[in-house]
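Student: I would like to go through this model with you, one question at a time. Could we begin with the ligand and then turn to the sheets?

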Amino acid sequence: MEKYIINGGNKLYGSVKIQSAKNSVLPILAAAVLTDGKIKILNVPQISDVKNMVKILTCLGCRAVYNGNDIIIDSSYADCFEIPSALAHELRSSVFLLGSVISRFHSAKIAYPGGCDIGLRPVDLHLTGLKRLGVKITERNGYILCKCDKLYGNEIMLDCPSVGATENIMLAAVKAEGTTVIKNAAREPEIEDLQNFLNRIGAKVSGAGSGTVTIEGVKSLGGCEYLPIPDRIEAGTFLIAAAMCGGEMVAEGVHPENISSLIHKLAENGCKIGLNNDKIIIENHGRLVSVKSIETQPYPGFPTDLQAQYTALCGVCEGHSIITENLFETRYKYVPELRKMGADITVIDRNAFVRGVERYKGATVIAHDLRGGAALVLAGLAAEGRSEIVDISHIDRGYGSFEYKLRNLGADIVRVTV
Ligand code: UD1
């Protein structure tokens, strides 16, 4: 097991280069199964979720070669439609493979997916969507078994705009016979990125980024080289770090429009924010003020994946805030840990009532999930004294070279093997 040791209190100065979006790279890797053409994905983050997805592809018979930060996938040898349960449990996004594996083999077998323990995270919408395309699904002994003779386009109305269900249905529909229309589709930028990738290999997808995505089935797909969009959540995490620690930081290689909900809130808190093409410049030299309330929503609302980090910021702002988590049921597991650092936060149901304290105090805390873990790191960086963040494997799922990037900005943080 590994942990971070942080001596808090350093201001952050300098630039940080943002990685390609985890939530784009994972479905794009899943999409590689659809084609025999070679796929080269550029600037892939060195995170365990990606490594696990590549391991699963290898188990399916795909060949994967790393070339620096790029990865080349050749699925022409893929010969297996079963996703091993140990790996499916490591990675929730393994469920995206259902769509592409069923498209390729007309059969798929996958154990119920894992990922962060942040709530129920059902997959009913994924399965209902696949059934509408002609897939027969049975669930037995913790496995989902899918079979079809052929996939047929259809209209699918999602009960809620699920990111994963939208992407999974897109992947299954790309080579189906006829046209598929997904209504009440999720509108996250990563869905548009998946559309752009699929169209680059020869698919006919339109409408992503709006509530209706249309997929006209094609017979075959080719290869391509593709640079996914920057990670808006990684960028947002660094911006919040700079807001909490003070200093002046530039997040480089970002699409500022994809995190405008956060940028507006940070400006309301009192940060000075500048935008320059693909750069966001943030400056803060004093104590920030609370925003009254904020709630997580599907895109373009405030992202649930930045809720923990932003709550940690509110914890040291002047005044009170109410945070409401609308997407996942148990996304406040970091709060008891943050309280060990002196936070004054009370959680009732989906709401966190935050009374800002002057400063956090260093403590030993446990990272229970990816974004909650990142929030604890930020609190440690801003705290007075020494903190230990234990069980950082969750953080490694989504942040590549996290401590190197933070150290480059002036933070005092090291990784230690226990
Ligand atoms: C994706 C992101 C994750 C982010 C989340 C919400 C990836 C790899 N992960 O997760 O980082 O936090 O979007 O922005 O892209 N739901 C159902 N039934 C389903 C599917 C979802 O009820 O079949 C519900 C969920 O319980 C949740 C809501 O829909 O309340 C949103 O979940 P969803 O958008 O599917 O999230 P993920 O795709 O799992």
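Tutor: Happily; what follows is a set of questions and answers on this predicted model.

Student: Which residues come nearest to the ligand?

Tutor: To count as near, a residue needs a heavy atom within 4 Å of the ligand. There are 20 residues around the ligand, and five of them come nearest: Asp124, Leu125, Ser162, Asp305 and Leu327.

Student: Which side chain has an N or O atom 2.7 Å from a nitrogen atom of the ligand?

Tutor: Let us separate backbone from side chain here. Pro122 uses a backbone N or O atom, 3.2 Å from an oxygen atom of the ligand. Val163 also offers a backbone N or O atom, at 2.7 Å from an oxygen atom of the ligand. The side-chain atom 2.7 Å from a ligand nitrogen belongs to Asp124.

Student: How much of the ligand's accessible area does the protein cover?

Tutor: Start from the ligand on its own, which has 750 Å² of accessible area. Of that area, the protein covers 87%.

Student: Which element gives the largest share of the shell around the ligand?

Tutor: Two elements give two or more residues to this shell, namely helix H5 (124–132) and helix H6 (163–173). The largest share is 3 residues, and it comes from H5.

Student: How many residues of the shell are nonpolar?

Tutor: Good one to pair with the contacts. The shell holds 6 polar and 6 charged residues. The remaining group, the nonpolar residues, numbers 8.

Student: Now the sheets. In the sheet with the order S22-S23-S1-S24, which strands are at the edges?

Tutor: This is an open sheet of 4 strands with mixed pairing, and its neighbouring strands are turned by 20 degrees against each other on average, direction ignored. An edge strand pairs on one side only, and that holds for strand S22 (364–366) and strand S24 (412–417).

Student: Which residue of S24 stands opposite Asn7?

Tutor: Asn7 falls in strand S1 (residues 2–7), which runs antiparallel to S24 with 6 bridges joining the two. Opposite Asn7, in S24, stands Asp412.

Student: What is the average twist in the sheet ordered S18-S19-S21-S20?

Tutor: Here too 4 strands make an open sheet with mixed pairing, and the edges are strand S18 (293–295) and strand S20 (344–348). Within this sheet, S18 runs parallel to strand S19 (residues 320–324) over 3 bridges, with Ile294 opposite Ile323. From one strand to the next, the twist averages 15 degrees.

Student: At about what angle does helix H10 run to S19?

Tutor: Helix H10 (residues 307–314) lies across S18, S19, S20 and strand S21 (351–355). Its direction relative to S19 is at about 170 degrees.

Student: Which residue in the turn between S16 and S17 has a positive phi?

Tutor: Strand S16 (residues 272–276) and strand S17 (residues 279–284) pair antiparallel over 5 bridges, with Leu275 opposite Ile280. They form a hairpin with 2 residues between them. The turn residue with a positive phi, about 50 degrees, is Asn277.

Student: And which residue of S17 is the bridge partner of Glu248?

Tutor: Glu248 belongs to strand S15 (residues 247–252), which pairs with strand S2 (residues 12–17) in the parallel sense over 6 bridges; there, Leu12 stands opposite Gly247. S15 is also joined to S17 by 6 bridges, this time antiparallel. The partner of Glu248 in S17 is Glu283.

Definitions and conventions
Residues are numbered from 1 along each chain as its sequence is written. This is a predicted model: local features need pLDDT of at least 70, side-chain atom pairs count only at pLDDT 80 or more; totals for chains, interfaces and linings use all residues. Side-chain values use heavy atoms; hydrogens and water are left out. A polar contact is a pair of N or O atoms within 3.5 Å; within protein, one must be able to donate a hydrogen and the other to accept it, and residues adjacent in sequence count only if both atoms are side-chain atoms. Accessible areas come from the Shrake-Rupley method with a 1.4 Å probe; for residues, only the protein chains shown count as cover. Ala, Val, Leu, Ile, Met, Phe, Trp, Tyr, Cys and Pro count as nonpolar, Asp, Glu, Lys and Arg as charged, and the others, Gly among them, as polar. Two strands pair if DSSP finds at least two bridges between them. Axes are lines fitted to C-alpha atoms, for helices over the stretch in contact, and angles run from 0 to 180 degrees between N-to-C directions. Contact means heavy atoms within 4.5 Å.
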